[in-house]
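Hi everyone, thanks for making time this morning. I'd like to walk you through a protein model, and please stop me whenever you like.

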Amino acid sequence: MVRPNNQLPENLPQLQNLIKRDPESYSDEFHTQYEHFLSLLEIFALNPGEENKSLDEIIMFIAQVAQCYPQVCQQFPKHLTDLLRNSATVLDPAMRNCFVKALILLRNKNLVPALDILELFFQLLRCQDKNLRTFLQTHIVQDIKNMNAKHKDMKLNSSLQNFMYGMLKDANPKAAKMSADIMIELYKKNIWNDPKTVNVIASVGCFSPITKVLVTSLKFFLGHDDEGEAGSDTESENEVDLKGALMANRVTKKTRKGQKQLQQIKKQAVKAQKKKKNAPAFNFSGIHLIHNPQGMAEGLFKQLQSTNERFEVKLMHLDVISRLIGIHELFLFGYYPYITRFLQPHQRQVTRVLQFAAQASHELVPGDIIEPILKTIANNFITERNSSDVMAIGLNATREICMRCPLAMGEDLLQDLAMYKTYKEKSVMMAARSLITLYREQLPAMLHKKDRGRQTEAQAERKVRAYGERDVQDTVIGAEALLKDSKTIDIDSDDDGTDSNDGEWVDVNHSDGEDPADSDEDDGSDSNEEDSDEGVESEGEETTEAEKKEKADLKMLNQKEAAQELALTRIFTDEDFKRINAANLKKTVTNARKRPLEQDRAEFVKLNNIEMIYKKRKHDKESRLETVQAGRQDRERFGWKDGRVNENCSKTNKEKRKTKNFGMLRHKARSKVKKSFRDKQMAMRKHLLHQKKMK
């Protein structure tokens, strides 16, 4: 008896199941279905705008079992790709999605070359179908990621990159925007993190006439780290609890399913442990990989001057240009007068503009170029006609600019700003003192004598650098701290000596080219013996003083040369570097200053460094009462709560006693007083007599 559900030509899911189990036995049925597909495809090609459900079903059926008959289905992908290429924009959305899903199935089974499919999918990004574009973007990123999982296929990546670079210049704004998104996502996933990708985004994306592509490219170079933090949070939430799983398995019922789950959790725990041991991969900002930063900065500045975009896009231009100038130490002198126009307290996003001015400052910019910015900030922000917050923000911005270009500040302007150290508002006072502290470290001679403070060892050793001068070190800074425990060093020999020299100065053999002070001294002593006895005492005093000075100079010289020789002849350990860092830290600390200053200059200026001002909280009675009254709103009356279920029922005697007059309860309160020994005796006697009578 034949069951009605067993009609294989019509029941495609059942036929699909049977073909996967035994392809040879059902080859005739498959050939029949394939011929039916070809006839339906010819009919559909005449009117591609209509939906054909039977064609939809048979296409998905062939895509599912194509690996069983590779010879028969050899032309199947070509039929689908040709139809999509020729009439993708006029196809019915449901049929277009069906063709795309069938091609993805074939690609997952390696029946279609990756390059052909991905190029077709990039072209399909022009379609007016948002769901399809999102689906294609996810598949493209995942497919390229899977292809580069074990090793990077440079040939395939290069051809795909070249095709995608052309898509960035596409006239269709949606296709160009989606291409930029795919490239940026692949860069963030460390798949296409090469300079070629970055430079194409810089040269094509940042100068695109399409605003969305332009904004996406600029945001890429601004490099926000929020996504990395979010990813770390999700990883911590999805951590495997192996200990809890083992405990649960110990106390619960033993089943096969439970054992399988436990084995999976163990594998995940081992994988997570290996992942933790691996060295972390650092994503450098794309702005470091640009080949021609000067040309890019000039092009962006020219585009900024001629653009009519909204103010937020202009701010992005200013931010990217300032980062390029600061990181690569570029010269773009027209940028500083342009940004000066926005330095007004009432300007929208003025703190960000101040941040860009600080980021665009570096040591190689002449002070005459940046000095107008400092004067504009002083005239517009640091005046008593403004509020204390505005003055403090102006002083903070001045400090950040001078931290990167100390020579931009004039001596008169610095001394005027230093006078705000005694201002009545604490926020202004603290900002002014931070500026004074900066110049104590950098250029103390520009400050007034009373503002220079106590000199530290680090300040004494630091040399004032002229414009463009670099501080080149020929040894490890602070290596003198290791001389106490080092062996005696002889410059002429390559090896260290064997004698220990703890706590003593290191003697250095001088070469012949040095100043022959000793020989002159000997000649002077011979001539002094021939002189008269009258000048012997005075000359002896002079020679002893000169010898002391020469010994002091020799001591310093020996210490420097010995430290340099020690760095050349010895490999420093981690403990040595810890001692060096501790010695360098100690030099920056005096009795007055208990903690050292931060010397390292970050690549980018943090907005918090400019906006962070001291705000005194209100602690007067009115403000405290306001907070108390605000806290009492929508809250029950403070005090004892009535615990009765029914408020109308009677209360207990204990509850009633709380509302009674004290005169009514005095006798009970008196009984609570501690009895004396005599009262206890009388009470006991009375009790015993009463017991005796009762017998």
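I'll start with the whole chain, then turn to salt bridges, one helix and a surface patch.

First, please keep in mind that this is a predicted model. The average pLDDT of the protein is 79, and 78% of the residues reach at least 70. Two stretches deserve some caution. Over residues 488-537 the pLDDT stays under 50, and the model has 42 contacts beyond four places in sequence for that stretch. Residues 591-596 also stay under 50, with twelve such contacts in the model.

So what is the chain built from, helices or strands? The protein has 31 helices and zero strands. There are 695 residues, and 35% of them count as buried. If you take the contacts with a separation of 6 or more, 70% of them come from residues 24 or more positions apart. The accessible surface comes to about 45800 Å², and carbon and sulfur atoms hold 50% of that.

Now for the charges. In general, side chains of opposite charge can pair when their charged atoms come close. How many salt bridges does the model have? The count comes to 14, and I've picked a few to show you.

Let's begin with helix H4, which spans residues 76-87 and holds both Lys78 and Asp82. These two sit four residues apart, about one turn of the helix, and they form a salt bridge whose closest N and O atoms are 3.0 Å apart. Lys78 has a relative accessible area of 45%, so it is partly exposed. Asp82 counts as partly exposed too, because its value is 28%.

Helix H19, residues 367-380, gives us another pair: Lys375 and Glu371 are four residues apart there, again about one turn. Their side chains meet in a salt bridge at 3.9 Å, N to O. Lys375 is partly exposed because its relative accessible area is 43%, and Glu371 is partly exposed at 23%.

There is also a network: salt bridges link Arg310, Glu312 and Arg348. Within that group, Glu312 and Arg310 meet at 3.9 Å, N to O. Glu312 has 37% relative accessibility, so it counts as partly exposed.

Next stop, helix H20, residues 388-404. Arg399 is found in this helix. Is Arg399 buried or exposed? Arg399 counts as buried, because its relative accessibility is 13%. Its side chain makes a polar contact with the side chain of Glu400, at 3.1 Å. Leaving aside neighbours within four places in sequence, Arg399 is in contact with Ser434, Leu435, Leu438 and Asn609.

Met403 also has its place in helix H20. At 28% relative accessibility, Met403 is partly exposed. If you measure along the chain, Met403 and Ser361 are 42 residues apart, but their C-alpha atoms are 8.9 Å apart in space.

Carry on past helix H20 and you come to Leu407, in the loop that leads to helix H21, residues 411-418. Leu407 has a relative accessible area of 39%, so it is partly exposed. Which residues join Leu407 in a nonpolar surface patch? They are Phe331, Phe333 and Tyr467, and with Leu407 they make a patch of about 380 Å².

That's my tour, so over to you for questions.

Terms used. Residues are numbered from 1 along each chain as its sequence is written. This is a predicted model: local features need pLDDT of at least 70, side-chain atom pairs count only at pLDDT 80 or more; totals for chains, interfaces and linings use all residues. Side-chain values use heavy atoms; hydrogens and water are left out. Patches are made of residues with over 30% relative accessible area and no salt bridge: like charges are joined within 9 Å, nonpolar side chains (Val, Leu, Ile, Met, Phe, Trp, Tyr) within 5 Å. Accessible areas come from the Shrake-Rupley method with a 1.4 Å probe; for residues, only the protein chains shown count as cover. A salt bridge is a side-chain nitrogen of Lys or Arg within 4 Å of a carboxyl oxygen of Asp or Glu. Buried means under 20% relative accessible area, exposed over 50%, partly exposed in between (1.4 Å probe, protein chains only). A polar contact is a pair of N or O atoms within 3.5 Å; within protein, one must be able to donate a hydrogen and the other to accept it, and residues adjacent in sequence count only if both atoms are side-chain atoms. Contact means heavy atoms within 4.5 Å. pLDDT is the predictor's confidence in each residue, from 0 to 100.
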